Amino acid sequence: MVGSFLMGWLGVVFKSDISRVSDLLAIGLTTGYLGSLTTFSGWNQKMLDLSVKGHWVLSSLGFVIGLSLAAISIIFGVDSAKISKSLLGRRKPTSISGISYSSCTRHMVVMVVLLSMVGLLYGVSVVLEKRKFDSGGSEAELWLACMVAPLGVWIRWSLAPLNGRGLGRARLLKWVPFGTLIANVSACCVMAALATVKKAVNSKSCDTVATGLQFGLMGCLSTVSTFIAEFHAMRESSHIWRAYAYAAFTIVASFSLGTFFYSLPVWTQGYK
């Protein structure tokens, strides 16, 4: 909910204003921060955990309620951001010392600062992971997740150009954001497969690695905030049905494949 609300601010209403300062900053805040703050694969896996125990009604309600809350959150975020923007008033982009906000120099400054922060955090994560791995537990899982999370964000960012491209030379289904769709569905599949591996192997080291990959790599590869922003944009268009078709296909595909990779092995092998 928080990620969807903030997406209404940073990814919809104020995105153009942030881009005037730096396109890299806008991408970092939306694709990087907000995309990682929310996880579609984790949501899907929780519903799979319910269904594997026979709670099909609760699992179905979880998707309906979750989608509704996320949709309401981004609407509230957009509306509150618009109100705030109108109260503050529109300000024309200015320059500092004759340098435009969109200049190459400012892009480089933002990039250097962000890369330095990532490098520092990554180094700390590696050191702490080495100390905690043998003992296992939540801390070891957390630091491993921090190490692999940037890779998940990078893969999702690399898939983003597929959004709005369509299929084939005819560019069929151009309205479908295939980049986000592929990121979410693939992350749900791997998340489910890792959950199965944890049950099959059942060891401390395996749990640490698998959970770290689930929480970090798959959690940051998938996203609810971007998904719900696309859903919201489709709802605001003249083709409202596209929003619900997109949401339904994403959820059904993710849950069905997750059932294949997780629920079926649990049922057939009797994992607990």
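1. In this predicted model, the lining of the second largest pocket draws at least two residues from each of α1 (2-13), α3, α7, α8 and α10 (225-235). Of these helices, α10 provides the largest share, with five residues.

2. The second largest pocket encloses about 450 Å³ of space. Its lining comprises 21 residues, and those lying nearest the centre are Lys15, Thr31, Asn163, Thr226 and Glu230.

3. As to residue class, the lining of the second largest pocket holds 10 nonpolar residues, together with eight polar and three charged ones.

4. The largest pocket has a volume of about 1,600 Å³. Its lining is made up of 44 residues. Nearest the centre of this pocket are Gly32, Ser36, Ala149, Pro150 and Val153.

5. Several helices contribute to the lining of the largest pocket: α3 (23-37), α4 (40-52), α6 (104-132), α7 (138-159), α8 (178-201) and α9 (204-221) each give at least two residues. The largest share comes from α3, which supplies 10 residues.

6. The lining of the largest pocket divides by class into 27 nonpolar, 12 polar and five charged residues.

7. Taking the two pockets together, α3, α7 and α8 each supply at least two residues to the lining of the largest pocket and at least two to that of the second largest. For α3, Gly32 and Ser36 are among the residues nearest the centre of the largest pocket, whereas Thr31 is one of those nearest the centre of the second largest pocket.

Note on methods: Residues are numbered from 1 along each chain as its sequence is written. This is a predicted model: local features need pLDDT of at least 70, side-chain atom pairs count only at pLDDT 80 or more; totals for chains, interfaces and linings use all residues. Side-chain values use heavy atoms; hydrogens and water are left out. On a 1 Å grid over the protein atoms alone, a cavity is a set of points where a 1.4 Å probe fits but cannot get out, and a pocket is an open set with protein on both sides within 12 Å along at least five of seven lines; lining residues have an atom within 4 Å of a point. Grid points are joined across faces, edges and corners, and a volume is the space filled by probe spheres set on the points. Helices (H or I, at least four residues) and strands (E, at least two) are DSSP runs, numbered from the N terminus. Ala, Val, Leu, Ile, Met, Phe, Trp, Tyr, Cys and Pro count as nonpolar, Asp, Glu, Lys and Arg as charged, and the others, Gly among them, as polar.
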